[in-house]
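Thanks for coming. I will take one structure and go through it briefly, so please keep it open in front of you.

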Amino acid sequence: TTPVYLLGTAGFRVLDTTTQKTLFVAIRHSLAQVVSAHGYGTGAHANVIYGRAEGLFAWLTVNYLMQDLNFYQEMPSNHLGVLDMGGAST
């Protein structure tokens with residue numbers, strides 16, 4: 001099985017806690033139905049992700065796609081930086 005994670009970013013962070021909880025209940029319910037219907041198991045997760053984790057995932061994604069995540073090098077020199085411009089965090 002493959003767990004599915006849906007992470008709300010800055011647009012969700014600006015919502016009040018009650019609205020976040022209400023939306024996530026509906027999202028988790030819908031996501032669980034889709035995940036189980038397609039045979040991915042029952043691992044459907046939806047939560048808010050905070051800025052530092054969002055930035056880390058963006059950095060990992062870009063450097064993975066550039067095939068530059070060789071952690072066995074002593075001094076990695078070709079890593080790219082990431083600047084996210086857009087959405088509610090801007």
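Arg-13 has a relative accessible area of 25%, so it is partly exposed. This is a predicted model, and that applies to every number I give. The partner of Arg-13 is Glu-54: the two form a salt bridge, with the closest N and O atoms 3.1 Å apart. Arg-13 sits in helix H1, residues 10-13, and Glu-54 sits in helix H3, so the salt bridge ties together parts that are 41 residues apart in sequence. Is Glu-54 buried or exposed? Its relative accessibility is 17%, and the cut-off for buried is under 20%, so Glu-54 counts as buried. The count of salt bridges comes to one.

Now the helix that holds Glu-54. H3 covers residues 51-65, which is 15 residues. At 1.5 Å a residue the expected span is 21 Å, and the end C-alpha atoms are 21 Å apart, so the two agree. Just after H3, Gln-67 takes a positive phi of about 55°.

Next, H2. This helix runs over residues 17-37, 21 residues, and should span 30 Å at 1.5 Å a residue; its end C-alpha atoms are 30 Å apart, which agrees. At its N-terminal end, Asp-16 acts as a cap, with a side-chain oxygen 3.2 Å from the backbone nitrogen of Thr-18. Just after H2, Gly-39 has a positive phi of about 75°.

Which residues of H2 are buried? They are Gln-20, Phe-24, Leu-31 and Val-35. These four cover an arc of only 40° around the axis, so they lie on the same side of H2. The general background is that an α-helix has 3.6 residues a turn, so residues three or four places apart point the same way. The face of H2 turned away from the buried side carries exposed residues: Thr-18, Thr-22, Val-25 and Ala-37.

Finally, the whole protein. There are three helices and two strands, and along the sequence they follow the pattern β-α-α-β-α. Of the 90 residues, 18% are buried. Taking contacts between residues at least 6 apart in sequence, 51% join residues at least 24 apart. The accessible surface comes to about 7000 Å², and carbon and sulfur atoms account for 60% of that.

To go back to the start: the salt bridge joins Glu-54, which is buried, to Arg-13, which is partly exposed. That is all I have.

Methods:
Residues are numbered from 1 along each chain as its sequence is written. This is a predicted model: local features need pLDDT of at least 70, side-chain atom pairs count only at pLDDT 80 or more; totals for chains, interfaces and linings use all residues. Side-chain values use heavy atoms; hydrogens and water are left out. The expected span of a helix is 1.5 Å times one less than its number of residues. Buried means under 20% relative accessible area, exposed over 50%, partly exposed in between (1.4 Å probe, protein chains only). The arc is that of the directions from the helix axis to the C-beta atoms. A polar contact is a pair of N or O atoms within 3.5 Å; within protein, one must be able to donate a hydrogen and the other to accept it, and residues adjacent in sequence count only if both atoms are side-chain atoms. Contact means heavy atoms within 4.5 Å. Accessible areas come from the Shrake-Rupley method with a 1.4 Å probe; for residues, only the protein chains shown count as cover. A salt bridge is a side-chain nitrogen of Lys or Arg within 4 Å of a carboxyl oxygen of Asp or Glu.
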